[in-house]
Amino acid sequence: MHIAEILSKKGSDVATIRPAAAVSELLRMLAHHNIGAMAVVGEGEDLLGIVSERDIVRRLDERGAELLTATVAEIMTTDVITCAPTDTVEGLTEIMTERRVRHLPVVEGGALVGIVSIGDVVKSRIDALEQSQEQLESYITQG
């Protein structure tokens, strides 16, 4: 299965935030969209970074409540690992496990076209296993 198939099921809308936004705004948007990470984009919608709940928690431990007035640019990860719609779920699983990341922006032709979470990957793997099981059961019962 390819990443494009995941995006076709879940949609390719990506919640984004600007680097100058306050962390307090980031928190509101994460809660509003019920997501664990947001892509950080520039004026031309170029992907500049990603910021996750994990980034926030680590910086909160370092800086305390003053973090809420800091900018997203101060806490975002700028060395962003991305994937393409043509990448396989199996390959993405390896990358996410090895790099210990839970969210990967999907980029095609330099444009942000989606974001895939570890939950999306696990769901697609489970769906594939269930489909294989159904096929095997059908083969066994129908001979």
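Is serine 52 buried or exposed? I began with this residue in what is a predicted model, and I noted that serine 52 counts as buried because its relative accessibility is 16%, where the cut-off for buried is under 20%.

I then looked up where serine 52 sits, and found it in strand β3, which covers residues 47–52. Setting aside the neighbours within four places in sequence, I recorded Gly36 and Ala37 as the residues in contact with serine 52.

Next I turned to arginine 58, which I located in helix α3, made of residues 53–63. I entered arginine 58 as partly exposed, because its relative accessibility comes to 48%. I also found that Arg58 joins Arg54, Arg100 and Arg102 in forming a positive surface patch.

For the charges of the whole protein, I counted 13 positive and 23 negative ones, and I noted that the mean positions of these two sets lie 5 Å apart.

I went on to the overall architecture, where I listed six helices and five strands, and I wrote down their order from the N terminus as α-β-α-β-β-α-α-α-β-β-α. Taken along the principal axes, the box filled by the C-alpha atoms is roughly 65 × 35 × 30 Å.

Of the 143 residues in the protein, I found 31% to be buried. The protein exposes about 8800 Å², and I noted that carbon and sulfur atoms supply 51% of this area. Finally I checked contacts between residues at least 6 apart in sequence, and recorded that 55% of them join residues at least 24 apart.

How values were computed: Residues numbered from 1 in each chain as written. Predicted model: local features only at pLDDT ≥ 70, side-chain atom pairs only at ≥ 80, totals over all residues. Heavy atoms only, no water. Patch = residues over 30% accessible without salt bridge, like charges linked within 9 Å, V, L, I, M, F, W, Y side chains within 5 Å. Areas by Shrake-Rupley, 256 points an atom, 1.4 Å probe, with all protein chains shown as cover. Salt bridge = Lys/Arg side-chain N within 4 Å of Asp/Glu carboxyl O. Lys, Arg positive; Asp, Glu negative; His and termini not counted. Charge placed at Lys NZ, Arg CZ, Asp CG, Glu CD. Helix = DSSP H or I, 4+ residues; strand = E, 2+ residues; numbered from the N terminus. Buried < 20%, exposed > 50% of the residue type's maximum accessible area, 1.4 Å probe, protein only. Contact = heavy atoms within 4.5 Å.
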